[in-house]
Each structure stands twice: as C-alpha cells, then as structure tokens.
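Trainee: Please take one pocket of this model and look at it closely, and then follow its elements outward into the rest of the fold.

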Amino acid sequence: MQTREFLVSAPGKVILHGEHSVVHGKVALAVSLNLRTYLRLQSTASGEVRINLPNIDTFLAWEITALQPLLAGCKEQGDLKELDADLLKRLREFTGILDDSTDTRSMAVLAFLYMYLTVFAEALASITVSVWSELPTGAGLGSSAAYNVCLSAALLSARGTISSPLTPQQESARWCKDEMELINRWAFMGEKIIHGNPSGVDNAVGTWGGFLRYHAGNITPLSWVPILRILLTNTKVPRSTKVLVSGVKDKINKFSSVMKPVLESVSAVSCTCEQTLTEMATHGPSAEHYNILEELIDINQHHLNVMGVGHSSLDTLCRVTLARGLHSKLTGAGGGGCGITLLRPETDASVIQSTFEELKSCGFDCWETSIGAPGVQQHSSAALSQDVLKILNSY
C-alpha cells in the first residue's frame with residue numbers, strides 16, 4: 001500500500017429530464033448533485049478488514065485469514081465486464097446474505113467485500129474504511145453509486161492500481177481520464193451487485209460529475225455547463241422503481257400510438273435542455289435561458305403524469321412552489337420519492353425560506369443545494385468541513 005490514508009468523496013445524482021425514457025432508447029440528462037458521500041480509508045496493522053457503513057452506528061470486521069480462502073479459483077478481473085459469480089456465491093455463503101436480499105446494509109457489505117477481495121487479490125491488506133453520506137438512501141439520488149465510486153477510487157489508489165493525484169499544495173484533486181474510466185468500471189461492478197442490472201448512469205455521474213447525456217446505452221459527459229441552484233425535496237413517499245417501470249411499459253404496450261409520441265417529446269425536452277445549458281455556458285446565463293428551463297420543467301412534469309408516475313405528494317410540491325413563482329418536477333422513478341425546484345439567481349432568500357418551511361410542514365425533507373458539482377475527488381483533511389471530519393473521526 002502506497003499511503004496510509006485516503007479521503008475521497010463522490011456526488012449523488014438527479015435526472016434533470018428523461019425519466020423512464022432511458023429504457024426506451026431515448027435521450028435523458030443526468031446531473032451531479034452537490035450532496036456527497038465521503039470515505040476515509042486507513043491502512044492498519046490489525047490483520048483485519050473493517051468497514052463503518054454510511055450513517056450506521058455499527059462496524060463490521062473480518063480477519064484477513066478468514067477472507068483469504070474465498071479467493072481460491074477467482075477469475076482475473078481483466079475487462080471488468082462480468083461479475084465473478086463463483087466469488088459472489090462464496091461471499092453470500094460467508095456473510096449469510098441471501099440471493100434475494102434487498103437490504104441496503106447487506107448489499108453495501110457485499111459490494112465492499114467483493115471489490116476489496118478483487119482489488120487486493122494478490123496481497124490482502126489490513127484497512128479500515130469509514131463512510132458517511134449527505135445523501136438519503138433509497139430516494140433515487142444515486143446514494144449507492146456514490147458509495148461504490150468512493151470505494152473504487154479509494155481501494156484502487158490504496159492498492160497502487162491508480163495514482164494518488166493529490167499534491168501537498170492541493171486540498172482536492174481529480175484523477176486523469178484513463179484512471180477515472182477505471183474507477184467508473186469498478187463502481188459499475190459494485191452497482192451490479194447491489195441493483196442487478198443498472199444502466200450505468202448513476203456511477204458515471206458519481207465519477208465524472210457535471211451533466212451527462214444518456215442515449216441508447218451511450219453515456220457522454222457534457223463539458224462547460226453551468227452550476228444551477230435548486231431546492232431538493234424528498235417527499236418520503238416510498239415507491240418501487242421496478243413496479244413503476246413495469247407500469248410505464250404496460251401503458252406503452254396498451255396505448256402504443258399515444259405513448260410513443262410522449263416518449264419522443266420527453267427526448268426532445270432533454271435535447272432542448274442540453275442546447276440551452278450549452279448556450280448558458282458559452283454566452284453566460286440570461287433571464288431568457290431560465291425562462292426556457294422553467295418551461296421545460298413544467299412540460300416534463302406533465303409528461304411524467306401522463307406516463308402514470310406522478311403522485312399527490314409531487315402535485316403538492318409543484319403547487320407549493322408554483323405559488324411562489326418556482327417550477328418543480330419529479331426526479332427518478334416517480335410515484336413519490338424526490339423532486340427538484342429550479343432557483344433563479346435573483347430568487348429572494350425570503351421566498352426560498354417560506355417555500356422551505358411550507359414543504360417541511362407537508363412532512364417533506366428539503367435541502368437548498370446545487371447541480372453540476374464535480375465528480376469523484378481525493379481530498380486533504382483541510383478540504384473537508386469540520387462536521388464531516390468529526391463524523392469520520394467518531395467511528
């Protein structure tokens with residue numbers, strides 16, 4: 001191991017436009033959220049591997065001598081296209097995690113052990129990993145992807161597979177393009193363990209940050225895009241992505257001639273939004289740019305209601321914000337979950353505060369944050385807030 005400590009972070013994500021169009025080969029825009037997951041990896045001499053899971057006041061530890069036999073017969077992790085099914089099976093037996101488990105904690109453990117064993121296969125190292133996240137889990141904000149991206153970056157750097165980009169003069173640094181691509185591929189493996197058949201969008205956003213265009217399985221980072229202020233609202237209404245996706249597919253099959261133009265229109269919204277963001281980055285944002293973004297938000301929210309993934313809680317969000325001249329839409333699968341509200345540069349603080357208070361009175365959680373944040377980064381301790389350091393040090 002080249003160094004004794006790594007501090008890394010990765011952002012969450014929201015879908016700006018194009019929910020449910022991804023599975024139908026249409027254009028979607030995903031963007032990084034300036035709420036982050038933080039990870040500290042420390043080398044030790046304990047002979048153990050230990051992890052403190054995100055926002056859970058417990059830790060898990062395993063003797064390296066107990067983990068070593070799990071590597072017998074492991075495949076080479078060459079192109080990282082497929083999971084090692086045999087290793088995954090042995091890990092499930094070792095941890096007692098069932099094949100059909102969807103428990104967040106259990107899947108996070110499985111992803112960690114799989115990546116640790118395959119990254120350090122030649123020489124298992126004693127490490128302690130501590131994770132804390134600003135992201136709520138299960139809210140469609142890419143919390144698992146941010147976790148997997150952080151794990152990938154820290155483990156690969158600690159193993160020496162990729163460099164440590166941070167210099168003594170820097171507080172934060174990013175890896176080169178080739179190393180970021182490797183981080184992304186390893187994070188995608190973790191996402192496969194947790195989700196089965198992910199699109200790859202979430203881990204790509206966590207890795208690259210900023211805005212990404214997703215079309216027919218191809219993910220393209222957009223360069224020179226503006227950072228936008230938003231209000232993020234979690235309605236705390238639980239929903240099943242699988243059920244919602246299935247419902248959209250059923251509606252498309254039942255009303256093909258009606259729904260296919262809706263999907264085409266959603267794709268057009270994504271493309272128009274991309275064009276507007278590019279103009280804002282090139283010429284500077286204007287009031288007209290914000291007018292267009294607000295209209296696209298309203299149009300897309302109506303699309304999503306037509307597709308059957310709206311919810312009364314999201315209607316409440318749109319009503320409360322529109323009464324103050326603000327524009328909102330759901331993000332993710334819908335049926336509850338989260339929504340985003342665009343904040344213009346001139347939006348008065350009192351308007352934001354009154355909106356925040358009314359949404360809280362509805363039983364929602366709210367954050368004022370931004371989208372377009374940097375992707376995975378390595379940090380010095382000076383780069384992190386005292387609150388984050390205090391939490392990581394408390395484990």
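Mentor: The second largest pocket is lined by 17 residues, and those nearest its centre are Asn184, Arg185, Ala204, Trp208 and Ile219. The model is a predicted one, in which local features need pLDDT of at least 70 and side-chain atom pairs count only at pLDDT 80 or more, whereas totals for chains, interfaces and linings use all residues. Residues are numbered from 1 along each chain as its sequence is written, and side-chain values use heavy atoms, with hydrogens and water left out.

The terms for empty space come from a 1 Å grid over the protein atoms alone: a pocket is an open set of points with protein on both sides within 12 Å along at least five of seven lines, a cavity is a set of points where a 1.4 Å probe fits but cannot get out, and lining residues have an atom within 4 Å of a point. A volume is the space filled by probe spheres set on the points, which are joined across faces, edges and corners, and for the second largest pocket this volume is about 380 Å³.

At least two lining residues of this pocket come from each of α5, α6 (201-208) and β8 (218-222), where helices (H or I, at least four residues) and strands (E, at least two) are DSSP runs numbered from the N terminus. The largest share of the lining, 5 residues, is that of α5. By class the lining of the second largest pocket has 6 nonpolar, 6 polar and 5 charged residues; here Ala, Val, Leu, Ile, Met, Phe, Trp, Tyr, Cys and Pro count as nonpolar, Asp, Glu, Lys and Arg as charged, and the others, Gly among them, as polar. In the loop between β7 (211-215) and β8 lies Ala216, whose phi is near 50°, a positive value in a residue other than glycine.

From the pocket we can follow α5 to a neighbouring helix. Helix α5 (residues 177-195) packs with helix α3 (residues 104-119) at an angle of about 140°, their axes being 9 Å apart. This makes α3 oblique to α5, since angles under 35 degrees count as roughly parallel, over 145 as roughly antiparallel, 65 to 115 as roughly perpendicular and the rest as oblique. The axes are lines fitted to C-alpha atoms, for helices over the stretch in contact, and the angles run from 0 to 180 degrees between N-to-C directions. The crossing of α3 and α5 is right-handed, a term used if the near helix is turned clockwise from the far one by less than a right angle, while anticlockwise is left-handed. In this contact (heavy atoms within 4.5 Å) α3 contributes Met107, Leu110, Ala111, Tyr114, Met115, Thr118 and Val119, and α5 contributes Trp186, Met189, Gly190, Ile193 and Ile194. The residues of the contact of α3 with α5 comprise 10 nonpolar, 2 polar and no charged.

Helix α3 also packs with helix α4 (residues 143-159), at an angle of about 25° and with their axes 10 Å apart. That makes α3 roughly parallel to α4, and the crossing is again described as right-handed. On the α3 side the contact is made by Ala108, Val109, Ala111, Phe112, Met115, Tyr116 and Val119, and on the α4 side by Tyr147, Asn148, Leu151, Ser152, Leu155, Leu156 and Arg159. Classed in this way, the contact of α3 with α4 holds 11 nonpolar, 2 polar and 1 charged residues.

For enclosed space, the count comes to 1 cavity of 30 Å³ or more, and the largest cavity has a volume of about 80 Å³. Its lining consists of Leu16, His17, Leu228, Ile230, Cys273, Leu293, Ile297, Ile340, Thr341, Leu342 and Ile371. At least two of these come from each of β1 (5-17), β9 (228-234), α9 (287-306) and β11 (338-343), with β11 giving the most, 3 residues. The lining of the largest cavity has 9 nonpolar, 2 polar and no charged residues.
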